[in-house]
Amino acid sequence: MADNDEKKKTKSKSAIVCGYPISIFFIVVNEFCERFSYYGMRAVLVLYFKYFLRWDDDFATTIYHTFVALCYLTPILGAIVADSWLGKFKTIVYLSIVYTVGQVIMAISAIHDITDTNKDGNPDNMTFHVALSMVGLILIALGTGGIKPCVAAFGGDQFEDHQEKQRSTFFSIFYLSINAGSLLSTIITPILRAQECGIHTQQKCYPLAFGVPAALMVVALIVFIIGSGMYNKTAPQGNIIVKVCKCIGFAISNRFRHRSSSYPKREHWMDWAEEKYNKLLIAQVKMVLKVLFLYLPLPMFWALFDQQGSRWTLQATIMDGDFGILVIQPDQMQTVNPILILILVPVMDSVIYPLISKCKLNFTPLKRMTVGMLFAALAFVAAALVQIQIDQTMPTFPSNTVEQTKFINMVNRPLDIHAGDNNFILEPFTANDYLTFNKSFTLDLGANSSYVRSIKNGTRSTIAIVESASLLEPVQFMDITAKPEQGANAIRFLNGLGSDVNVTVADLEFGSITSNNASDYVLVPNGNAEFKIVNNAGQQCVYTQKLGFGSAYTLVIPSTFTFGQDCGQNIKPVVEIQPNSIHMAWQIPQYFLMTAGEVVFSVTGLEFSYSQAPSNMKSVLQAGWLLTVAAGNIIVLIIAEAATLPDQWAEYILFASLLVLVCIIFAVMAYFYTYIDPAKIEAEFAEHEPEEKEKRKSLEMTKKDLVEQRDERRGSDSSSDSSSDEETSQTKI
């Protein structure tokens, strides 16, 4: 017996600190670093797809949710490997190495200088970066998913049976480290991403945003290995998930073999496993299947929940993130979720639920989960309302059959302009709104100044009216046809002076701008931008303009401009694209509703599942719960690719409607669900088990006696036959 115990558990002496084995501190630090690594990388992932790999919103969303789905599919593989072959410790170490390699590959894939042969800031071999990214993400999904079911259980193994209180406190600290790691990483990595770095050209620093999580994963691995000599390491003893699957598989195959009507029906289809498995295991599997059946509608909740990191982050990219004392990056809005969790969990447990209980309302776990689903649906309705407001502020860009044109008067007198069917007067150094043309038009500027303008479909342009040798002439410049990316502002200068000027802002250069010409667009970050204008004589003028997010301006230097005091007041800004005017704070209601739904749905769901499952089947339900998350992400990628809705708000309403429909189905299923006490059922089987064993033993003894009697009869018959033969032989003689 003692030998068996030694085989089951390899115990190492671990120092005790404050009543806790010191080994758990290595595990907690490891978990903090690993969660920082995972959530930090995931926070900036969809923006990496959009801005670095240049994927559109739908494809970026698809790949993002494919990755998340893989992260929630692989835990089952990790649990089976740990429990059946390697043990928890080796599984964590080996898969952490895979995890670390994946993070390092992701950081390398984001270095644009590797393939930027012409040094223009854009990778020249995007296939290389995409391939590296996909390899990195697959390794990360395998690593993070594989160790997910092992680390917490391995921490629990460090305690003796009499340390129940310490074990409970450990799990609280363990989950606190998870939230702390995810919260800090979601704040820090977007800040790192917003920095600019590079060898040849300065670009958004995705290598740093991925590199820091990779470094934290290296730290996590080293810290975990350092504690190796102090851990209690449980040897693999077989995986209950595999056993349950085999039991279900045998019941199905046995039922199929006995599908003929000549065989008597059994009360439950799992009863067909009785030929091979004991009744207690079959009863436990029945209880688990009853809960898993309720899991069927749950993926729809996760389909909405996990879009916080994809669609909602992309929505934030076209919003105003200026909160006064600080500027919030689009991917930092995800921090609202863990912050609200820390607030809402104690509020729900200490205030809301007790109040409902005092009102004598039967707010069962399944009813709570239904309410959680409704909260998530309302969150997407709120997101749709915000999206509608955003869409109303977005410019209408030209279709493939028209051109949009605006005119700027660069002459120091009002001009009467006739452009096709449009007639208007432009004051000096001002511009009109964009006009739409679907065919060539005549531009009439007065005597001897009539021009036929051809159009280029799908484009925007600005026509500057300049004066040359007493004649008015149009000079055309092509405008941008999309919102500037990453919250930057597209700025260009139009020089109306008779001499060249050179313009810079911070370390960005517009270059030398000749008379009656415009510079290229330069992307300038938000804030108070100070533009330095210098002429050939060395005279300087500083023009300051407060820039928001996602705007485009043409800054006109008029012919009347003079260097000197207050020279900046002569610069005339012409708006091409308005800055983002809907504030990111409007996303807080949808985050609040979604987090409230998560607290009511997820926490209650796990609590309900554990209360309805046998003691040795908790891991089976944990695997089922993780599968619902994976399935939810698969639903998102299917809808993102299949749905052809023209507006994003319509997609939000579609998801909300689907969840309400699923919520109704779940409510009906919950209404007919009967709560059980697994411990009581197991106790009943435990009482009957000795009787079953006695019956089985008696049956075996009876069979043995029958076999012995049959053998004796055969021996007796054989001996009588032999004596009869002898008598016959003697008679013949």
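## Exercises on salt bridges, a pocket, a cavity and a surface patch

At 34% relative accessibility, Asp58 counts as partly exposed, the class between buried (under 20% relative accessible area) and exposed (over 50%), with a 1.4 Å probe and protein chains only. The model is predicted, so that local features need pLDDT of at least 70 and side-chain atom pairs count only at pLDDT 80 or more, while totals for chains, interfaces and linings use all residues. Residues are numbered from 1 along each chain as its sequence is written, and side-chain values use heavy atoms, with hydrogens and water left out.

**Exercise 1.** Identify the salt-bridge partner of Asp58 and state which parts of the chain the pair ties together.

*Solution.* Begin with the criterion, which asks for a side-chain nitrogen of Lys or Arg within 4 Å of a carboxyl oxygen of Asp or Glu. Asp58 meets it with Arg311, the closest N and O atoms being 2.7 Å apart. Next, place both residues: because Asp58 lies in helix α4 and Arg311 in helix α12 (residues 311-316), the pair ties together parts that are 253 residues apart in sequence; helices here are DSSP runs of H or I with at least four residues, strands are runs of E with at least two, and both are numbered from the N terminus. Finally, consider the cover: Arg311 is buried, at 3% relative accessibility.

**Exercise 2.** Find the salt bridge that joins Arg311 to Glu651, and describe where the two residues lie.

*Solution.* The side chains of Glu651 and Arg311 meet at 3.0 Å, N to O. This pair links distant parts of the chain, since Glu651 belongs to helix α17 (residues 648-671) and Arg311 to helix α12, 340 residues apart. Both Glu651 and Arg311 are buried.

**Exercise 3.** Characterise the second largest pocket by its volume, its lining and one residue close to its centre.

*Solution.* A pocket is found on a 1 Å grid over the protein atoms alone, as an open set of points with protein on both sides within 12 Å along at least five of seven lines, whereas a cavity is a set where a 1.4 Å probe fits but cannot get out; lining residues have an atom within 4 Å of a point. The volume, taken as the space filled by probe spheres set on points joined across faces, edges and corners, is about 1,200 Å³ for the second largest pocket. Its lining has 41 residues, of which Glu196, Gln203, Lys204, Gln486 and Leu523 lie nearest the centre. By class there are 22 nonpolar, 12 polar and 7 charged residues, where Ala, Val, Leu, Ile, Met, Phe, Trp, Tyr, Cys and Pro count as nonpolar, Asp, Glu, Lys and Arg as charged, and the others, Gly among them, as polar. Turning to Gln486, this residue is found in the loop between β14 (471-479) and β15 (489-495), and its phi is near 60°, a positive value in a residue other than glycine. Gln486 is partly exposed, with a relative accessible area of 27%.

**Exercise 4.** Describe the largest cavity and the helix that gives the most to its lining.

*Solution.* The largest cavity has a volume of about 30 Å³. Its lining includes Leu294, Met369 and Phe608, and α15 gives the most, with 3 residues. The classes are 7 nonpolar, 2 polar and no charged residues.
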